[in-house]
Amino acid sequence: MADSLDALRARVNAFVTERDWAQFHSPKNLAMAMIVEAGEVVEHFQWMTEDESRNLDAETKEQVGQELSDTLVYLLRIAEVCGIDLIEAANKKIDLNAQKYPVEKCKGSNAKYSAYE
């Protein structure tokens, strides 16, 4: 089993290669599939209260985990096909968000970043 992002990416790539599925994995198709899976995550929470969504029973937690896993796999494939290093991209985005949302201006607030400009 994969225990790091790189190992998981390699395992997904091997899975795809063994099945000759790369031919179907355009960025467009992968993005669409990822959004479908993300929608399936949302479906589990659709009619829950805030409290219920924070306290999932074991069966729902397993189902949500399956849909999150599908979403992650498609995310990894899109990054692979587009040649994007997700760790680098995420770190850059966190740095950008730290500038947009300075702690001293936004701590405890959920206002859009334009409110801090």
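Q: Which helix holds Leu5?
A: This is a predicted model, numbered from 1 along each chain as its sequence is written; local features need pLDDT of at least 70, side-chain atom pairs count only at pLDDT 80 or more, and totals for chains, interfaces and linings use all residues. Side-chain values use heavy atoms, with hydrogens and water left out. Helices (H or I, at least four residues) and strands (E, at least two) are DSSP runs, numbered from the N terminus. Leu5 falls in the run of residues 5-19, helix α1.

Q: Is Leu5 buried, partly exposed or exposed?
A: Buried means under 20% relative accessible area, exposed over 50%, and partly exposed lies in between (1.4 Å probe, protein chains only). Leu5 has a relative accessible area of 32%, so Leu5 is partly exposed.

Q: What is the area of the nonpolar surface patch that includes Leu5?
A: Patches take residues with over 30% relative accessible area and no salt bridge; like charges are joined within 9 Å, nonpolar side chains (Val, Leu, Ile, Met, Phe, Trp, Tyr) within 5 Å. Areas come from the Shrake-Rupley method with a 1.4 Å probe, and for residues only the protein chains shown count as cover. Leu5, Leu72, Leu75 and Ile87 make up this patch, with an area of about 300 Å².

Q: Which residues does Asn13 touch, leaving aside neighbours within four places in sequence?
A: Asn13 also lies in helix α1. Its relative accessibility is 17%, so Asn13 counts as buried. Contact means heavy atoms within 4.5 Å. Outside the excluded neighbours, the partners are Arg77 and Glu80.

Q: How far apart in space are Asn13 and Val73, C-alpha to C-alpha?
A: In sequence, 60 residues separate Asn13 and Val73. Their C-alpha distance is 9.7 Å.

Q: How many salt bridges are there?
A: A salt bridge is a side-chain nitrogen of Lys or Arg within 4 Å of a carboxyl oxygen of Asp or Glu. One of them joins the side chains of Glu18 and Arg19, N to O at 3.3 Å. Under this rule the count is four.

Q: Which exposure class does Arg19 fall in?
A: Its salt-bridge partner Glu18 has 63% relative accessibility, so Glu18 counts as exposed. Arg19 has 35%, so Arg19 is partly exposed.

Q: What is notable about the phi of Asp20, and what is its value?
A: Asp20 sits in the loop between α1 and α2. Most residues other than glycine have a negative phi. Asp20 is not a glycine, yet its phi is positive, at about 55°.

Q: How far apart are the closest N and O atoms of Glu50 and Arg54?
A: Glu50 and Arg54 are four residues apart in helix α3 (residues 50-54), so about one helical turn separates them. Both Glu50 and Arg54 are exposed. They form a salt bridge, and the closest N and O atoms are apart by 3.9 Å.

Q: Which residue forms a salt bridge with Lys92?
A: Lys92 is exposed, with a relative accessible area of 54%. The partner lies four residues away in helix α5 (residues 86-100), so the two are separated by about one helical turn. The closest N and O atoms are 3.1 Å apart, and the partner is Glu88.

Q: Where is the nearest side chain of opposite charge to the buried Glu67, and how far away is it?
A: Glu67 lies in helix α4 (residues 58-82). Lys and Arg count as positive, Asp and Glu as negative; His and the chain ends are not counted. Glu67 has no salt bridge. The nearest opposite charge is on Lys61, at 17 Å.

Q: How far apart are the C-alpha centres of domain 1 and domain 2?
A: Domain bounds come from an automatic or database domain assignment. That assignment gives domain 1 (5-84) and domain 2 (87-116). The distance between their C-alpha centres is 25 Å.
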